[in-house]
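User: I am new to protein models and would like to understand the words people use for them. Could you show me one and let me question you?

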Amino acid sequence: MIIMTASTLLIEKESVDISLKDVLIFAGYRTCDKDSPVSEEYKRRAQDALSKIKQVFTPKACFIRSDIEKRGEDFVEILGMRLESKPLSELLYPCKEVFLFAVTAGPIVDREISKMRFSPVDEILYDAAGSAAAEALCDEAERQLSSLAGKKLCQRFSPGYSGLSIDCQADFLRVLEAGKRAGIYLTKGNMMAPLKSVTAILGIPEKEGEERTLY
Amino acid sequence: MNILDAIKERRLFCDGGTGTYLQARGLKPGEPPDLWNLSRPQDIIGMHKAYLFAGSDIIASNTFSANPLRFENYEEIIAAAIKNARTAIKEAGKKEGEAFVVLDMGPSGRMLEPLGDFPFEEAVETFAKIVKAAVPYSPDAILIETMNDSLETKAAVLAAKENSSLPVFVTNVYDENGTLMTGASPEAMVAMLEGLDVDALGMNCSLGPKQMIPLVERIMKITSTPVIVNPNAGLPRTEDGNTVYDVGEDEFASCMKEMALLGVNIMGGCCGTTPEYIKKEREAVSDVPYSLPTKKDITMVSSFTHAVFFGERTILIGERINPTGKKRFKQALLDHDINYILEEGLSQQKAGADILDVNVGLPEIDEPSMMKEVVSELQAVSDLPLQIDTGDEKALESALRIYNGKPMINSVNGRKDIQDKVFPLAKKYGGLIVGLTIGEAGVPETVEERVEIARKIYERAAEYGIEKKNIIIDPLAMAVSANDDSGLVTLEAVRRIHDELHGLTSLGVSNISFGLPERSTLNSAFLLMTMTAGLSAAIMNPFSADMMRAFLSFNVLSGKDKNCAAFLEKIGDYEIETHEKKTATDGKGLLAKEEPKDADPLSSLSGAIEKGLKERAADIAKDLIKDGTDPLLIVNEAVIPALNHVGEGFEKKKLFLPNLLMASEAAQAAFSVIKENMQGKDGGLDEGGKIVIATVKGDVHDIGKNIVKVILENYGFSVTDLGKDVPPERVVSAVKETGARLVGLSALMTTTVPAMEETIKKLHEETPGVKIMVGGAVMNEEYAAMIKADFYGRDAMASVRYAEEVLR
């Protein structure tokens with residue numbers, strides 16, 4: 001059995017690719033309809049939000065690699081945590097090991113969103129840009145961890161997905177030493193602060209090419 | 001010899017990393033090293049001894065996370081940890097005064113409000129418990145370390161100082177951008193920590209020594225306090241799944257020698273460093289001469305992001321957060337309309353203020369609690385330093401306590417009773433104190449008397465241990481309409497305090513023109529004269545175009561605006577608008593291009609609102625009012641139909657939420673023009689009824705709620721917004737106060753639905769008959785019915801429809 005320690009994952013700001021398209025999608029503008037009468041004005045403001053968030057976000061990440069200690073049809077046990085979710089167990093079927101990771105876009109992003117409270121359109125757009133940043137950070141973390149493992153990984157899976165209770169968040173952050181390593185803390189309501197933070201599991205398939213996706 | 005005496009004489013060395021050392025002895029991931037104080041004391045003592053043998057003078061107790069939030073038996077852990085450190089010192093054969101034990105205090109593990117949900121005073125309480133647990137075991141000092149939030153740092157320092165008389169050392173974590181995670185620059189931290197009177201300050205963790213050098217240089221330039229530096233062994237890299245650091249012992253040591261040459265007083269290591277690093281470090285710096293930092297005569301205040309320095313150019317203090325003579329502002333205070341106050345702050349920042357004065361004194365309100373709330377909310381949205389302006393010492397202390405930086409304090413004067421109240425608070429919390437030249441007998445008429453009062457204020461402050469650099473004298477501008485000489489007296493006082501006492505000055509410039517017409521003309525002229533006389537800070541209205549033109553011009557012409565940058569950036573805002581220019585810029589909206597010139601202005605307004613062009617909508621509304629159109633007609637024929645049209649489009653899913661919101665913004669822009677022109681007239685806008693809305697306790701997401709609020713307001717409802725994380729009692733009391741018959745509650749997370757249920761229950765019990773609508777990501781119709789809400793609002797428009805049903 002390999003037990004390794006939690007580690008900091010260095011993410012260079014420049015390597016994080018946040019797209020305007022993602023911002024628009026997170027803002028609820030699913031189709032980006034060309035014919036929409038406000039789309040140009042709206043895109044301009046979305047672009048402003050994105051530029052600001054790109055300027056202020058402070059990416060931090062950490063991860064830990066671990067064996068899957070036990071598994072059943074509808075649960076897995078990792079680092080002493082029992083994670084109950086049938087889809088997760090199925091997703092990790094080809095894996096003996098996993099990465100857990102946490103990323104955050106940092107607290108300044110929260111402040112920038114909060115500053116926009118007098119302008120709801122911008123508040124939505126800034127919030128969306130923050131979400132897009134967190135998403136892009138996950139992509140970058142996944143890219144680095146995949147290269148560390150030397151193979152493609154299973155689709156990422158977060159607390160709160162498909163039956164996995166959000167209550168495991170505290171344990172996730174603890175084993176990741178996420179407070180110390182990435183400045184991610186938990187509120188009493190089990191929400192992460194900074195808001196734009198994500199934790200997730202990535203299965204490492206035993207054999208290359210066996211990675212699974214959820215659906 | 002105690003540790004502070006030792007620092008005066010020689011460079012002291014801390015220990016290095018703990019994690020690496022203990023993991024090599026079997027510490028598991030996620031297992032807190034703190035527990036080993038009890039379960040494996042010999043390993044902990046062994047680690048301390050290894051560092052002592054390597055040359056460490058300061059041993060940090062193994063208590064990084066030994067706080068009451070994590071461990072019920074934190075007291076036992078702390079006691080054991082300090083004893084282990086003492087035992088190690090004894091076993092290593094160190095004599096009294098040769099090696100020291102510091103109580104190590106890391107972050108609480110919770111994020112403080114407003115970024116998280118940990119209240120400031122609870123943080124203070126948490127750290128206080130640690131300090132109280134440690135004091136009986138007599139550590140030599142308290143080391144507050146690895147702090148990445150300035151406000152949490154302040155909470156820890158206050159706890160240390162309020163519960164012990166031990167020296168306090170503080171090291172913060174800076175990232176690659178040279179700021180704390182929550183935004184503070186090294187200068188901001190020096191300002192705050194020197195204000196709090198800590199005994200040593202500096203940095204640890206996150207960066208390697210090389211990355212720290214430029215930051216240490218910045219600190220050394222401005223600090224008068226001993227500096228402490230504990231870097232990581234470089235930056236972390238992943239090797240075979242383990243974290244390794246990229247700087248070896250020799251490279252580390254040579255960087256630390258540079259630090260010693262810069263004047264660092266206490267040095268050690270952090271993550272990745274081992275006894276070998278400390279040994280090499282100590283050897284490398286042994287021939288570098290040692291001295292304490294020189295006393296710097298630098299005046300600065302700070303916010304949670306940056307410091308503002310006095311003396312280089314005149315600092316602009318925005319005076320608009322003040323109810324004096326402002327009906328609308330008074331009303332906002334009475335109505336508890338915090339948003340109005342915050343907007344006043346943000347727009348002054350936009351206009352170019354360096355610092356915001358905050359005065360919320362009204363006889364009818366509880367000033368201490370209002371002051372605390374406004375300061376706390378303001379520093380969540382604005383990164384400008386604040387000037388706490390109050391005559392109420394409770395209000396002053398409540399603001400100073402939670403202020404995230406070093407503020408200005410407005411004010412003391414020549415009266416002893418006031419000094420005796422304000423100086424002790426300023427000494428404890430830090431601050432730049434405004435000293436008004438008012439004596440026991442009021443404002444003296446002569447220059448000599450005012451300068452004399454200034455002198456006495458300096459002297460009295462010194463008795464309290466407050467240095468002259470932390471006093472700024474306000475020699476008072478008095479109305480020139482009442483006394484022909486008052487301009488001259490003030491000017492001469494500014495000049496003499498500047499030239500003879502080498503002191504700082506500030507002035508509420510606009511008082512000079514009281515009682516005269518064309519005040520801004522006089523104010524701007526007087527501003528130029530006082531700046532020429534050496535004024536350090538002007539308290540003024542940054543929305544006065546005349547004064548801003550004068551201010552910007554002075555800085556350019558006196559060589560204080562590098563490359564004319566501020567002038568070029570800002571002067572456009574104050575351009576005198578000619579008729580031709582206005583017409584030329586009118587085409588900037590999208591609509592203007594498409595629209596025939598002779599279109600009916602009412603339908604143009606509708607069009608502008610539907611397309612979300614707010615400037616355009618406001619302009620058309622202005623023109624309509626100017627042409628004499630009835631305001632109510634504008635509302636009924638243009639604004640409401642446009643909103644309805646967009647609302648319907650949204651309900652039919654033809655338009656997206658942002659379309660709806662942009663239309664709302666444009667409608668509000670038109671509304672505010674119309675409202676300005678309706679004051680005093682009968683038959684105002686239809687008051688659609690009162691609604692209280694809130695995001696429930698435990699939930700800090702409030703975007704959804706904000707959206708609903710805006711849309712409701714657009715439909716004429718009067719909305720009291722209680723914000724986020726609102727306890728049930730507060731909702732109930734707001735309903736009672738406002739007499740609202742409808743309440744909107746929002747929750748995003750499943751975990752906060754119980755809080756929503758509790759709020760509904762309380763409302764049903766205490767305010768029967770009040771209708772409750774709920775919304776948010778986790779809600780649906782069934783859920784809403786289950787927790788006994790009256791209505792589930794699928795989206796903002798659904799809430800509007802329900803409000804119309806209930807209230808109209």
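Analyst: We will take the chains, their elements and their contacts in turn. This is a predicted model, in which local features need pLDDT of at least 70 and side-chain atom pairs count only at pLDDT 80 or more, while totals for chains, interfaces and linings use all residues. Residues are numbered from 1 along each chain as its sequence is written, and chains are lettered from A and ligands numbered from 1 in the order in which they are written.

User: Great! What makes a stretch of chain B a helix or a strand, and how many of each are there?

Analyst: Helices are DSSP runs of H or I with at least four residues, strands are runs of E with at least two, and both are numbered from the N terminus. By that rule chain B has 32 helices and 25 strands, and chain A has 7 helices and 8 strands.

User: How do you know whether chain A is as compact as a globular protein of that length?

Analyst: We use the radius of gyration, taken over C-alpha atoms, and the globule rule: 2.2 Å times the number of residues to the power 0.38. For the 215 residues of chain A the rule gives 17 Å and the model has 18 Å, which is close, so chain A is as compact as a globular protein of that length. Its C-alpha atoms fill a box of roughly 55 × 35 × 30 Å along the principal axes.

User: And what does the rule say about chain B?

Analyst: For 808 residues a compact globule would have a radius of gyration near 28 Å, and the 30 Å of chain B agrees with that. Along the principal axes, the C-alpha trace of chain B spans about 95 × 75 × 50 Å.

User: What makes a residue "buried", and how many residues of β5(A) are?

Analyst: A residue is buried if 20 or more other C-beta atoms (placed from the backbone) lie within 10 Å of its own, exposed if 12 or fewer do, and partly exposed in between. In strand β5 of chain A (residues 95-104), 8 of the 10 residues pass that test, and the strand is mostly covered. Over whole chains, 55% of the 215 residues in chain A are buried, and 54% of the 808 in chain B.

User: What makes two strands a pair, and which strands does β5(A) pair with?

Analyst: Two strands pair if DSSP finds at least two bridges between them. Strand β2 of chain A (residues 60-72) joins β5(A) through 8 bridges in the antiparallel sense, with A:I64 as the bridge partner of A:L100. Strand β8 of chain A (residues 197-205) also runs antiparallel to β5(A), over 9 bridges, and there A:V198 is the partner of A:V103. In general, strands of a sheet pair through backbone hydrogen bonds, either parallel or antiparallel.

User: Why are β1 and β2 of chain B called edge strands?

Analyst: Chain B has an open sheet of 8 strands in the order β1-β10-β7-β6-β5-β4-β3-β2, with parallel pairing. The strands β1 (12-13) and β2 each pair on one side only, and that is what makes them the edges. Within this sheet, β4 (residues 141-147) and β5 (residues 168-172) of chain B share 4 bridges in the parallel sense, and B:I142 stands opposite B:V168.

User: How do you know what span to expect for helix α4 of chain B?

Analyst: The expected span is 1.5 Å times one less than the number of residues. For the 14 residues of α4(B) (residues 41-54) that gives 20 Å, and the end C-alpha atoms are 20 Å apart, which agrees. Among its buried residues are B:I44, B:M47 and B:L52, and their cover includes α5 (74-91) and α11 (275-285) of chain B. After the helix comes B:G55, with a positive phi near 120°.

User: Last one: what makes residues of the two chains "in contact", and how many are?

Analyst: Two residues are in contact if their C-beta atoms, placed from the backbone, lie within 7 Å. By that test 47 residues of chain B touch 49 residues of chain A. On the chain B side, α27(B) gives the largest share, 6 residues. That side has 20 nonpolar, 19 polar and 8 charged residues; Ala, Val, Leu, Ile, Met, Phe, Trp, Tyr, Cys and Pro count as nonpolar, Asp, Glu, Lys and Arg as charged, and the others, Gly among them, as polar.
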